[in-house]
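Welcome! Please open the model in your viewer and keep the selection tool at hand. We will go from stop to stop, and at each one you will hear what to select and what is there.

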Amino acid sequence: MDFALNDEQKMMIDTIRRFIAQEVQPLEQRLEDDGRLDRDTARTLHEKARALGLYALNMPAELGGGGLSNLDRILCEEQFGHTSDQLIRRAFGNVYEPLLHCQGAQVERWLKPSVEGRRTCAIAITEPGAGSDAAGIKTHAKKTDSGWVLNGGKHFISDGEWSDFFLVSAKTGDKEISMFMVDKGLAGFTVGKDQKMMGIRGTPHLELFFDNVQLEDAALLGERGQGFKLAMGALNVVRLAQVGARAVGKASHVLELMTAYANDRQQFGQRIGDFQMVQQMLADSVIEINAARWMVYHAAWMLDQGLDAREQIAMVKVHAAETLGRVVDRAVQVFGGMGFCKELPIERYYRDARIYRIFDGTSEIHRGVIAKSAMKKGAALFDIHR
């Protein structure tokens, strides 16, 4: 395995890094203050990103996407971690892989418009009684002569305000879950409140309610009963890219600020970076970020080789998320009182980082997955060759 960056990858990283610094990061404070992003700014950001070919990077080139390998996408996602979630969604898109199961007329109606940025999609799995237990959903769809009737509700649906349609998981039998593409605006489909969060301000998390919503047969994505597999496949990629890689990028961004402050801040006649306790916080952060990065890259490499990386991604989800939390906590400590003030972004990064241990499967859930695999597979899970 060779993880040395080639010239194309370096240019790709430099392009994204420059775009984020010039076009995206200047919008962060306004988003934090207002708690929302206005449509005109979002449209401008989207158009600039598309002009550089930086939209739907995970989608095949023949559909108009970036056509990147998993590893190349991860390199981009790490850079995305250097700024706010909502701004990344608007600039670079959030096109979910299950849409690749569209067939026939579904391609022109849902898939291509999403890849081209003409339509926005959100995935709707979570319910009040089904968070980490994605199979415990109550939303259900009943087959009729003309299609399906959908009933139930979802919550914590990220990007719900901006989305034109949703990938909704619903029971279609006692032990059967299917996935449907549900357009906003259908009769009986209502959008509830935006659940305000302690962090990631500006990213809406909406309630969705379905009351006898009539769906066409064409709304079924993939095969009947394939919904849980599609949902878990989508979440697996999200865990690696939008949690693992972005956590590494965000931790790197915070550590860069921390080291600069440790160099500049003077106390007792010397830089605070000369104090051993501060040096330990810096050193531990460097070590943990690098360890998390190589875990992310290895899991992406496995996917590119066609290997099953589910267990490795579970490890990434835990380690990268918790590394980010520790790094940002240290940053608050190094910045001291200023780290707790809203004048600097450190306190915002601290709040934003907390969700990484929760969404897309809590650390506890993933530790359970890893432990069960270890008991089943033994050293094959953690030794270099068995």
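The tour below visits helices, then aromatic rings, and ends with some backbone angles.

Before you begin, note that this is a predicted model.

**Stop 1: helix α4 and its surroundings**

Select residues 70-80, which make up helix α4. How many of the residues of α4 are buried? The helix is mostly covered, with 10 of its 11 residues buried. Colour them if you like: Leu71, Asp72, Arg73, Ile74, Leu75, Cys76, Glu77, Glu78, Gln79 and Phe80. Now show the elements around them. The buried residues of α4 pack against α1 (7-24), α5 (85-92), α7 and α8 (276-304).

**Stop 2: where α4 meets α7**

Keep α4 on screen and add helix α7, residues 227-264. Two packed helices are described by the angle between their axes and the distance between the axes. Here the axes of α4 and α7 come within 6 Å and cross at roughly 50°. That angle makes α4 oblique to α7, and the crossing is right-handed.

To see the contact itself, show side chains on both helices. On the α4 side, select Arg73, Ile74, Glu77, Glu78 and Phe80. They meet a set of α7 residues that includes Val237, Leu240, Ala241, Ala245, Val248, Gly249 and Ser252.

**Stop 3: from α7 to α9**

Stay with α7, hide α4, and bring in helix α9, residues 310-335. The axes of α7 and α9 are 8 Å apart, and the helices pack at an angle of about 25°. An angle under 35 degrees counts as roughly parallel, and α7 and α9 are therefore roughly parallel to each other. Their crossing is left-handed.

While you are in α9, click on Thr323. Is Thr323 buried or exposed? Its relative accessibility is 2%, so Thr323 counts as buried. Setting aside residues up to four places away in sequence, Thr323 touches Glu288, Ile289 and Ala292.

**Stop 4: helix α6 and Leu111**

Next, select residues 105-115, helix α6. Its buried residues are Gln106, Val107, Trp110, Leu111, Pro113, Ser114 and Val115. They pack against one helix and several strands: α3 (39-51), β1 (121-124), β4 (165-173), β5 (176-183) and β8 (220-221).

Zoom in on Leu111 in α6. Leu111 has a relative accessible area of 4%, and is therefore buried. Which residues is Leu111 in contact with, leaving aside neighbours within four places in sequence? They are Leu63, Leu99, Leu100, Cys102 and Gln106. You can also draw a distance from the C-alpha atom of Leu111 to that of Cys121, 10 residues apart along the chain; the separation is 9.6 Å.

Just after the helix, look for Gly117: it follows α6 and has a positive phi, near 85°.

**Stop 5: aromatic rings**

Now show the aromatic side chains. A search of the whole structure finds 9 aromatic pairs. One of them is formed by Phe189 and Phe210, a tilted pair with 5.0 Å centre to centre and 45° between the planes. This pair links distant parts of the chain: Phe189 is in strand β6 (residues 189-194) and Phe210 in strand β7 (residues 205-216), 21 residues apart. Both Phe189 and Phe210 are buried.

For a cluster, select Phe19, Phe80 and Phe92, which are linked by ring pairs. You met Phe80 earlier, among the buried residues of α4.

**Stop 6: charges over rings**

Two more rings have a charged partner to look for. Select Arg39 and Trp162: the charged end of Arg39 sits over the ring of Trp162, 4.2 Å from its centre. Then move to Lys143, which lies over the face of Trp148, at 5.5 Å from the ring centre.

**Stop 7: positive phi angles**

Most residues other than glycine have a negative phi, and most peptide bonds are trans. The tour ends with two residues to set beside that rule.

Select Phe156 in strand β3, residues 147-158. Phi of Phe156 is positive, near 55°. With a relative accessibility of 39%, Phe156 counts as partly exposed.

Finally, go to Ile200 in the loop between β6 and β7. Although Ile200 is not a glycine, its phi is positive, at about 40°. Ile200 counts as buried, at 14% relative accessibility.

Terms used: Residues numbered from 1 in each chain as written. Predicted model: local features only at pLDDT ≥ 70, side-chain atom pairs only at ≥ 80, totals over all residues. Heavy atoms only, no water. Phe/Tyr/Trp six-rings, centres within 6.5 Å; stacked < 30°, edge-to-face > 60°. Helix = DSSP H or I, 4+ residues; strand = E, 2+ residues; numbered from the N terminus. Buried < 20%, exposed > 50% of the residue type's maximum accessible area, 1.4 Å probe, protein only. Lys NZ or Arg CZ within 6 Å of the ring centre and 35° of its normal. Contact = heavy atoms within 4.5 Å. Axes fitted to C-alpha atoms, helices over the stretch in contact; angles between N-to-C directions. Parallel < 35°, antiparallel > 145°, perpendicular 65-115°, else oblique. Left-handed = near helix turned anticlockwise from the far one by under 90°.
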